[in-house]
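The following note sets out some points for a colleague who is examining this model. It takes up burial, helix geometry and the internal spaces in turn.

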Amino acid sequence: MEGDPLFSAKVRLVVGLAAAGCVAVFLLPAIPQDPAYHAFVDQRRIWGVPNFWNVISNLPFTAVGVAGLVIARSRLVGGIPELRAGYLAFFAGVILVGPGSALYHLDPTSATLVWDRLPMTLAFMAFFSVLIGESICVRAGSLFLWPLVLIGFASVVYWHFSEIAGSGDLRLYALVQFLPMVIMPLILLLFRSPISAGWTWSVIGAYAVSKAAELADGPIYALFGFVSGHSVKHLLAAGGGLIFAVALRSRNRLGRRGESGVKRGGHAAPTALHTGDDK
């Protein structure tokens with residue numbers, strides 16, 4: 001609970017790690033965008049569409065996002081109503097990743113990359129706020145949503161204009177993308193939310209594997225000959241969003257059977273889904 005000294009110590013540990021990560025990143029020199037980033041291995045033009053598979057593999061994002069948005073807009077018995085804006089923002093971000101990333105891959109440049117990264121930060125930050133709300137404190141998750149989203153947008157805008165000025169700097173964007181990936185597993189380990197743990201580990205795992213596929217763009221294409229690592233990345237990342245949507249739908253069904261309330265302090269968990277110890 002929030003008044004528990006152990007709970008407070010855990011919160012201080014999470015906040016301290018986040019602060020240390022921020023300081024460490026900004027002690028680094030500016031990080032420009034590597035022009036080689038845009039040189040994806042699969043550049044085949046099919047039916048007149050350049051980089052066809054890297055473009056078309058973004059369709060699942062929009063399909064998953066629409067499905068998730070429908071679920072999040074329904075009666076949230078298994079979700080947490082106070083976090084509805086976070087659920088909706090996440091799936092809206094996933095929807096927008098589809099056309100944003102497709103637009104980028106039609107003509108991969110730093111200028112078009114903005115439209116890929118903006119919706120991704122919306123999804124990242126919304127997901128992070130939901131995890132905070134479901135695992136630590138509902139009120140905090142709700143209050144942090146829009147400040148986190150604004151920081152995410154600012155990281156892309158700052159990088160974009162720094163590139164235009166000839167002094168590109170990805171540090172803030174790197175912080176937005178990767179610091180939550182360090183903080184979220186720590187939150188899951190420390191607070192042991194009974195409603196977030198299983199599906200959140202799966203979403204984080206899907207995203208981590210998608211990043212590995214991105215790094216193995218060429219080797220995957222060389223191995224299979226018909227699909228590149230970057231296209232696989234899109235499918236895996238969309239799969240992470242699908243896991244979230246399916247989990248929320250399953251929780252809603254279970255919640256309707258139990259018609260449970262929500263614990264607002266400490267661990268934010270619908271009591272019908274409370275299957276473990278909140279120590």
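1. A residue is called buried under 20% relative accessible area, exposed over 50%, and partly exposed in between. Cysteine 22, at 30% relative accessibility, therefore counts as partly exposed. Cysteine 137, at 7% relative accessibility, counts as buried. The model is a predicted one, and a search of the whole structure finds zero disulfides.

2. Helix 7 (171-191) merits a check of its length. Its 21 residues, at 1.5 Å a residue, should span 30 Å, and the end C-alpha atoms lie 29 Å apart, so the two values agree. The helix nevertheless carries a kink of about 30° at phenylalanine 178, shortly before proline 180. Just after helix 7, arginine 192 adopts a positive phi of about 45°.

3. Is helix 7 mostly covered or mostly uncovered? Of its 21 residues, 16 are buried, and the helix is thus described as mostly covered. Helix 7 also contributes at least two residues to the lining of the largest pocket, at least two to that of the second largest pocket, and two or more to that of the largest cavity.

4. The largest pocket has a volume of about 610 Å³. It is lined by 26 residues, and those closest to its centre are Ala18, Phe128, Ile132, Phe144 and Leu148. Besides helix 7, at least two lining residues each come from helix 1 (5-27), helix 5 (110-135) and helix 6 (138-164). By class, the lining comprises 24 nonpolar residues, two charged residues and no polar ones.

5. The second largest pocket has a volume of about 370 Å³. Among its 19 lining residues, Tyr37, Arg117, Gln177, Phe178 and Lys211 are the closest to the centre; Phe178 is also the site of the kink in helix 7. Helix 5, helix 7 and helix 8 (197-215) each supply at least two residues of this lining. The lining divides into eleven nonpolar, two polar and six charged residues.

6. How many cavities of 30 Å³ or more are there? The count comes to one, with a volume of about 400 Å³. Its lining holds 26 residues, of which Phe90, Ala123, Phe124, Tyr207 and Ala237 lie nearest the centre. Two or more residues each are given by helix 4 (84-106), helix 5, helix 7, helix 8 and helix 10 (229-258). Helix 10 gives the most, with seven residues. The lining of this cavity has 16 nonpolar, eight polar and two charged residues.

Key: Residues numbered from 1 in each chain as written. Predicted model: local features only at pLDDT ≥ 70, side-chain atom pairs only at ≥ 80, totals over all residues. Heavy atoms only, no water. 1 Å grid on protein atoms, 1.4 Å probe; cavity = no way out; pocket = protein on both sides within 12 Å on 5 of 7 lines; lining within 4 Å. Points joined across faces, edges and corners; volume = space filled by probe spheres on them. Helix = DSSP H or I, 4+ residues; strand = E, 2+ residues; numbered from the N terminus. Nonpolar A, V, L, I, M, F, W, Y, C, P; charged D, E, K, R; others polar. Expected span 1.5 Å × (residues − 1). Bend = angle between axes of the 7 residues up to and from the residue. Buried < 20%, exposed > 50% of the residue type's maximum accessible area, 1.4 Å probe, protein only. Disulfide = S-S within 2.5 Å.
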